[in-house]
Structure formats: structure tokens, C-alpha cells
Amino acid sequence: MAVAPQDAIKQLSALMDEVDEPRKRTFQNMHQGYPTATLGRFLKAREWSVAKAHKMLIDCLNWRIQNHIDDILTKPIIPAELYRGVRDSQLIGLSGYSNEGLPVFAIGVGLSSFDKASVNYYVQSHIQINEYRDRVILPAATKKYGRHIGTCVKVLDMTGLKLSALSHIKLLTIISTVDDLNYPEKTETYYVVNAPFVFSACWKVVKPLLQERTRRKVQVLQGCGRNELLKIMDYSSLPHFCRRDNYGSSRISSAGADVCYSLDHPFHQQLYNYIKQEALTQECVSLLKQGSFHVDVPGADTEGTNIVKALESELHKIGGHDGLTHPLNGLRINDA
């Protein structure tokens, strides 16, 4: 049974006081000095049910301990050529900050190919970006803006969606499940831009399956979304694909470091150098040999399963038109 938010937070906090030391340590890594806000995120994700939020949080802490998530920022993807391949095929980057100080993450949903590395490397990369966001980017934003900043906004570029993207549904479901269960309520709004007709068709199918609080987070903008996004951020923080209407099918080769997806972009340079330095500090053996960081993924929840099935069904109906699979990044989104 759900209770009032403040009472729910007090009850969940009391339960967390009883956990053992390993769980307390990984919880500290999660909340970064803001435990109340973190408890609130898990409660919100479970409709303010203390019992359900408690189970979700304990499961998350167990997952972090069992998979050594606290150490994942000491595990570089090596060699650098492999990491560049991951970055060229898993398009995500930090383009700037909103007027309120929230980090703006750009995601190339339609142009990500996920064909340069194994599934484990893409999952490792995704979790590392999550952890770097939570342990480095958000604390730095909090310090800069003088108030707690614990969430971000995401701009999802649907340019280049094809039916062949169905082959990526397993990987995207894994990533989405990791976010749903372990990084809940980390995104304020998902802005969808450059959406083709097939996206609109699939969105009509998926939207009724989402909870109301999730639906409110998704805003499908007209065209590249530039005019709407300039209401919440400066031009300099706009993702590159929102700065012009004829973005087309180019990826990163023509813009280099100006494109936040690129390994040459300051965000990815800082992230990769941070991980290498952490590895040296910890004398991590992963610097001496190549190997992916395997992470166990719990089964998806019922809502996520229903959405995947609905998307697959609608895509097969669409047939020869451009298809939709990558939007799972944005549609299975109660969370990270």
C-alpha cells in the first residue's frame, strides 16, 4: 500500500539502516551524499510502495555487489581501437547542460549499429557512462549550480531507423532492463527528434502501455526540435543533429570532435582518461589484457516485456517501410 511521500522515505530509510556493511558501501556510491533523493527515486519507480521500493533497492544493491559495479570505472575497454569502434557504433554523448543545469545526453537511436564489438562491451560501456554520470558529471553540476542535480535530459535522434534494427532488440532490451531496475528515475524528459512516420505509428501502439508518469516524460518534437529545445538550453548545448534540419545520414566522420558521439569529443576523452587513471590507481589487471566486463542482467519486468512484444508486432505490420527497434532506448523509459 502506498503512503505519503515523506512517510514513505522515512520508512524506507529506516529499513536501509538495517542493511549490512557491503550494501551500505555500494548504496553510498549510488547516492553520492544524497540518500533521501535516491530513496525517493526508487519509491517513485514503485508508485510509493515502501515494500516494493525496498525490494527493488535491495535487488539493485545485490546486483551491484555481485557484478562489481563499484569497480566498473576501473575497467577500461582496451585497446583504444576497440573502444573507438564501440563509440562509433553506440552513439551517445554529452552535448551540454540545460538552463537548469541538467546534463543533456544525445543518443543516436537510428544510426547506432552495435556491430563493432560483443554485447558485453556495449553493456559495459553503457553502465560506465551511467556510473560516470552519477559519480562525476552530476556531482560536478551540483557543485557548479549550488543545488542538488541528480537527473539529466536525453535527446533521442531517430534519423536512419531501419527495419534491420530488429536485430538489436535483444541488446537494447538488456540495456533498458539494467536502467529500469538499477538506475530508476534518472531522466527528467526524453525529447524525440527527427522522427519518421514509422516512429509515430509505433508510438501510438506503445504509448497506452506506459504508465502515466512515463508518458509525461516523452516529448516528440517537430523536425530536429531546435526551436523547442532552445527554450530549455543554449545553442551551444544543442546536440549537433538539432542544429540543422538536413542532418541526413552522416554519423560522426564529417564533424569530428564537434560531435558528442565521437571519441575525440571532450566528454569521451575525459571519461576514457578517468577510467584509465582509476585503473592505474587501483593497479587494475585489466590494463594488462583485453577482456569485457560481464554483467548479469535480471529478467525484464512485465511492462517492458509487453512493450517489446508490441513493438515487434507493429514493426512486422509495417513490413517494407523503415522500421523501429532502437527507440527502446527512449520508450522503455520509466528510468535511466
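**Exercise 1.** In this predicted model, state whether phenylalanine 105 and phenylalanine 267 are buried or exposed, and classify their ring pair.

*Solution.* Buried means under 20% relative accessible area; phenylalanine 105 and phenylalanine 267 are both buried. The ring centres of phenylalanine 105 and phenylalanine 267 lie 6.1 Å apart, with 80° between the planes. Plane angles over 60 degrees count as edge-to-face, and the pair has that geometry. Phenylalanine 105 belongs to strand 2 (residues 103-108) and phenylalanine 267 to helix 11, so the contact ties together parts 162 residues apart in sequence. Ring pairs also join Phe105 and Phe267 with Tyr132 and Tyr274 in a cluster.

**Exercise 2.** Classify the ring pair of tyrosine 83 and tyrosine 272, and find which helices it connects.

*Solution.* The model has seven aromatic pairs. In the pair of tyrosine 83 and tyrosine 272, the centres are 4.5 Å apart and the planes meet at 15°, so the rings are stacked. Tyrosine 83 sits in helix 5 (residues 80-89) and tyrosine 272 in helix 11 (residues 266-281), so parts 189 residues apart in sequence are tied together. Tyrosine 83 and tyrosine 272 are both buried.

**Exercise 3.** Determine how strand 3 (residues 152-157) is enclosed and which residues stand opposite lysine 154.

*Solution.* Six of the six residues of strand 3 are buried, so the strand is largely enclosed by the rest of the structure. One side carries Cys152, Lys154 and Leu156, the other Val153, Val155 and Asp157. Strand 3 pairs in the parallel sense with strand 2 over five bridges and with strand 4 (residues 187-193) over six. Lysine 154 stands opposite phenylalanine 105 and opposite tyrosine 190 in strand 4.

Definitions and conventions
Residues numbered from 1 in each chain as written. Predicted model: local features only at pLDDT ≥ 70, side-chain atom pairs only at ≥ 80, totals over all residues. Heavy atoms only, no water. Phe/Tyr/Trp six-rings, centres within 6.5 Å; stacked < 30°, edge-to-face > 60°. Helix = DSSP H or I, 4+ residues; strand = E, 2+ residues; numbered from the N terminus. Buried < 20%, exposed > 50% of the residue type's maximum accessible area, 1.4 Å probe, protein only. Pairing = 2+ DSSP bridges.
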